[in-house]
Amino acid sequence: MRVFICIAGLALAIGSASAQDAKKEIEKYQKMIGEGSPAELWELQGEALWKKKQGPKGASLEQCDLGLGAGKVAGAYSQLPRYFADADQVMDLETRLLHCMTTLQGRTREEATKRVFGNADRPSEFEYLVSYVVGQARGFPMNAPTSHPKEQHAYELGKKVFFYRAGAWDFSCASCHAEDGKRIRMQDLPVLSEKEGAQRAYTTWPAYRVSNSQLKTMQWRINDCYRQMRFPEPNFASEATVALTHFLAVTANGAPYAGPGTKR
C-alpha cells in the first residue's frame with residue numbers, strides 16, 4: 001500500500017508505514033500549536049471593528065444582517081453562504097461584510113476592498129472582522145442552506161468549479177482534494193468532495209497560520225489555491241469563489257464548527 005504526496009504538481013509515492021508515523025507526529029504537532037491559539041487576539045480586534053463607526057454614514061456594523069437578523073452574530077457563520085433577498089444573491093461571510101460596509105457605512109467598494117489580505121505586520125480589516133464573526137459560531141452545527149433556487153445554483157456551480165481542470169498544469173481543486181492518501185508537506189489533503197473530508201477541513205477555516213503568524217480567511221484560502229494551481233487570481237468575493245465555498249460548506253453540513261483553527 002502506498003500514499004501520495006502532492007508537491008508542486010507531482011504525486012510522489014511513499015511507504016505506508018513511514019507515512020503513518022509521520023501522520024501521528026504531525027497530529028501531535030497540530031494539537032500542540034492549537035492550544036492557546038493567538039486567533040483570539042484577532043477576534044477581540046474584530047469585535048472592536050464591528051462596533052466602530054466608520055464611513056460617510058458614521059455607522060458601525062452592529063446592524064449588519066448576516067442571515068439571522070440585524071446584529072445577530074451568534075451561529076451566523078454556520079449558516080453561510082446563503083441567499084440574501086436584499087442583494088438577490090448568495091453571499092459568503094466576506095461578501096456579506098462588504099455589502100454591509102457599503103450599505104450601512106456608505107463606503108465605496110474600492111475603498112473597502114483596498115486591502116483584503118493582510119500580513120503579519122498589518123492584518124486586514126476583513127481578517128479581523130471574519131475572525132470575530134466565525135468565533136461566535138464555534139460549536140454550532142454547519143447548516144448552509146440549499147432551499148432557495150439561487151442556493152441550489154450556487155451549490156451546483158461550486159461543484160463544477162471544484163472539478164474544473166485548467167491552467168498551466170491542467171489542475172483542479174480535485175487534483176489534490178478528491179483522492180485519499182494525499183498530502184502536501186506536513187498537511188494531509190482531505191477529500192473535500194465527500195462529507196467526512198469536508199467536515200474535517202471546512203469547519204477549521206478560517207485559521208491562524210503559525211508559519212507566517214497570520215489569520216487567513218476562506219477567500220484567501222481559495223485565492224492561494226488558485227495561485228498554486230497557476231490559475232488567474234480570482235476577484236475578491238466573486239461568484240465563483242462564493243459558489244465554491246457554498247459547495248464545501250453544504251458538503252460539511254452537520255459537523256460542529258470548530259474555527260478559527262490553527263494550521264502549521
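Two residues are in contact when they have heavy atoms within 4.5 Å of each other. The model used in these exercises is a predicted one, in which local features need pLDDT of at least 70 and side-chain atom pairs count only at pLDDT 80 or more, while totals for chains, interfaces and linings use all residues. Residues are numbered from 1 along each chain as its sequence is written, and side-chain values use heavy atoms, with hydrogens and water left out.

**Exercise 1. The chain as a whole**

Task: State how many helices and strands the chain has, and what percentage of its residues count as buried.

Solution: Begin with the elements, where helices (H or I, at least four residues) and strands (E, at least two) are DSSP runs, numbered from the N terminus. The chain has ten helices and nine strands. Next take burial, where buried means under 20% relative accessible area, exposed over 50%, and partly exposed in between (1.4 Å probe, protein chains only). Of the 264 residues, 51% count as buried. Finally, among the contacts between residues at least 6 apart in sequence, 66% join residues at least 24 apart.

**Exercise 2. The two sides of helix α8**

Task: Find which residues of α8 are buried, and explain why they lie on the same side of the helix.

Solution: First, in α8, which spans residues 195–202, the buried residues are Gly197, Ala198, Ala201 and Tyr202. They cover an arc of only 100° around the axis (the arc of the directions from the helix axis to the C-beta atoms), and this is why they sit on the same side of α8. The general rule behind such patterns is that an α-helix has 3.6 residues a turn, so residues three or four places apart point the same way. Turning to the face directed away from the buried side, one finds the exposed residues Glu196 and Arg200. The cover over the buried residues of α8 includes α9 (218–228) and α10 (239–251).

Now look at one residue of the buried side, Ala201, which counts as buried at 15% relative accessibility. Leaving aside neighbours within four places in sequence, Ala201 is in contact with Pro190 and Leu192. Ala201 and Ala252 are 51 residues apart in sequence, and their C-alpha atoms are 8.5 Å apart in space.

**Exercise 3. Helices that meet α10**

Task: Describe how α8 and α6 are each placed against α10, giving the crossing angles.

Solution: Here the axes are lines fitted to C-alpha atoms, for helices over the stretch in contact, and angles run from 0 to 180 degrees between N-to-C directions. Start with α8, whose axis comes within 8 Å of that of α10 and crosses it at roughly 110°. That makes α8 roughly perpendicular to α10, since angles of 65 to 115 degrees count as roughly perpendicular, under 35 as roughly parallel, over 145 as roughly antiparallel and the rest as oblique. From α8, the residues Lys195, Ala198, Gln199 and Tyr202 meet Thr245, Leu248, Ala249, Val250 and Thr251 of α10.

Continue with α6 (residues 149–163), where the axes of α6 and α10 come within 7 Å and cross at roughly 95°. This again makes α6 roughly perpendicular to α10. The α6 residues that take part include Tyr155 and Phe162, and those of α10 include Leu244 and Phe247.

**Exercise 4. The surroundings of α9**

Task: Explain why α9 is described as largely enclosed, and identify what covers its buried residues.

Solution: The count comes first: eight of the eleven residues of α9 are buried, so α9 is largely enclosed by the rest of the structure. These buried residues are Met218, Gln219, Trp220, Arg221, Ile222, Asn223, Asp224 and Tyr226. Their cover includes α3 (93–103), α6, α8, β7 (207–209), β8 (214–216) and α10. Just after α9, Arg230 takes a positive phi of about 65°.

**Exercise 5. Two buried residues compared**

Task: Locate Ser60 and Thr95, and list what each one touches.

Solution: Ser60 lies in the loop between α2 (39–51) and β3 (82–84), and with 13% relative accessibility Ser60 counts as buried. Not counting residues up to four places away in sequence, Ser60 touches Trp50, Lys51, Lys52, Lys53, Leu104 and Gln105. Thr95, by contrast, lies in helix α3, and Thr95 is buried with a relative accessible area of 6%. With neighbours within four places left aside, Thr95 is in contact with Gln89, Ala237 and Val242.
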